[in-house]
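Welcome! Have a look at the protein below, then work through the exercises at your own pace.

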Amino acid sequence: MLALGAGLVLAQPALYGATLAQPAPGAGRGLEAWDLNHDGRVTWDEAWQNIQRRFAAADTDHNGGLSLEEWLAAQFPGRPPRPDRPAPDPQRQRDRRSAMFRAIDANRDNQVTLEEIRPVAESWFRAFDANGDGAVTPDELPRPRSR
Ligand SMILES: [Ca+2]
Ligand SMILES: [Ca+2]
Ligand SMILES: [Ca+2]
């Protein structure tokens with residue numbers, strides 16, 4: 001998510017990957033929700049459209065920014081549950097998401113806007129696009145660990 005101090009979060013593209021890749025056991029399944037034209041590749045335009053949609057859904061008071069409460073309430077960019085792991089400690093998850101919020105809130109007004117999210121999301125996207133062709137394909141996503 002465009003989540004992202006900036007250094008702290010940028011160093012963890014896996015957070016974004018988990019979101020992109022929703023916890024699908026099969027390779028590639030996770031990209032489906034993001035691959036709007038179903039060609040097996042997620043372009044930046046597709047990713048950004050998804051991000052904007054999620055942002056709009058999370059912005060419950062429609063003021064164009066996400067408060068920390070809105071951020072924490074949203075599955076944005078939430079990490080999906082992993083069936084092969086114990087459920088994450090909710091407090092730890094909350095701390096991590098709060099840290100991400102502060103990292104993205106570049107002007108420190110306690111609101112995360114799309115403008116603040118975009119550069120972070122772009123960095124994530126580039127980090128995933130391993131071959132630099134402008135699209136993320138299933139083989140570029142971190143694979144779910146098999147057992
Ligand atoms: Ca596509
Ligand atoms: Ca802000
Ligand atoms: Ca690529």
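## Exercise 1: How far to trust the model

Find where confidence is low, and decide how to read that part.

Solution. Over residues 1-27 the pLDDT stays under 50, and the model has 74 contacts beyond four places in sequence for this stretch. Keep in mind that this is a predicted model. Where pLDDT is low, predicted coordinates should not be read in detail. For the protein as a whole, the average pLDDT is 80, and 71% of the residues score at least 70.

## Exercise 2: Walking along the chain

Work out how many helices and strands there are, and in what order they come.

Solution. Start by counting: the protein has six helices and four strands. Then follow them from the N terminus, which gives α-α-β-α-β-α-α-β-α-β. Finally, look at burial: of the 147 residues, 28% are buried.

## Exercise 3: The two sides of α3

Which residues of α3 are buried, and what do they pack against?

Solution. First, the length: α3 has 15 residues and reaches 21 Å from its first C-alpha to its last, close to the 21 Å expected at 1.5 Å a residue. Next, pick out the buried residues, which are A47, I51 and F55. Looking down the axis of α3, these fall within an arc of 70 degrees, so they line one face of the helix. Their packing partners are β1 (42-43) and α6. The face turned away from the buried side carries D45, R53, A56 and A57, which are exposed.

## Exercise 4: The same approach for α5

Sort residues of α5 into buried and exposed.

Solution. Helix α5 covers residues 90-104. Its buried residues are R97, M100, F101 and I104. Seen down the axis of α5, the buried residues fall within an arc of 105 degrees, so they line one face. On the other side of α5 you will find Q91, R92 and D95, which are exposed.

## Exercise 5: The nonpolar core

Which elements give two or more residues to the largest nonpolar core?

Solution. This core has 20 residues, and those with the most contacts inside it are I104, V112, I117, A121, F125 and V136. The elements giving two or more residues are α3, α5, α6 (114-128) and β4 (135-136). Of these, α6 gives the most, with six residues.

## Exercise 6: A loop residue

Is T60 buried or partly exposed?

Solution. Locate T60 in the loop between α3 (44-58) and β2 (65-66). Then count: T60 has 13 C-beta neighbours inside 10 Å, so T60 is partly exposed. Lastly, T60 and E70 are 10 residues apart along the chain, and their C-alpha atoms are separated by 7.0 Å.

Terms used. Residues numbered from 1 in each chain as written. Chains lettered and ligands numbered in written order. Predicted model: local features only at pLDDT ≥ 70, side-chain atom pairs only at ≥ 80, totals over all residues. Buried ≥ 20, exposed ≤ 12 C-beta atoms within 10 Å, placed from the backbone. Expected span 1.5 Å × (residues − 1). Arc of directions from axis to C-beta. Core = buried A, V, L, I, M, F, W, Y, C linked by C-beta atoms within 7 Å. pLDDT = per-residue confidence, 0-100. Contact = placed C-beta atoms within 7 Å.
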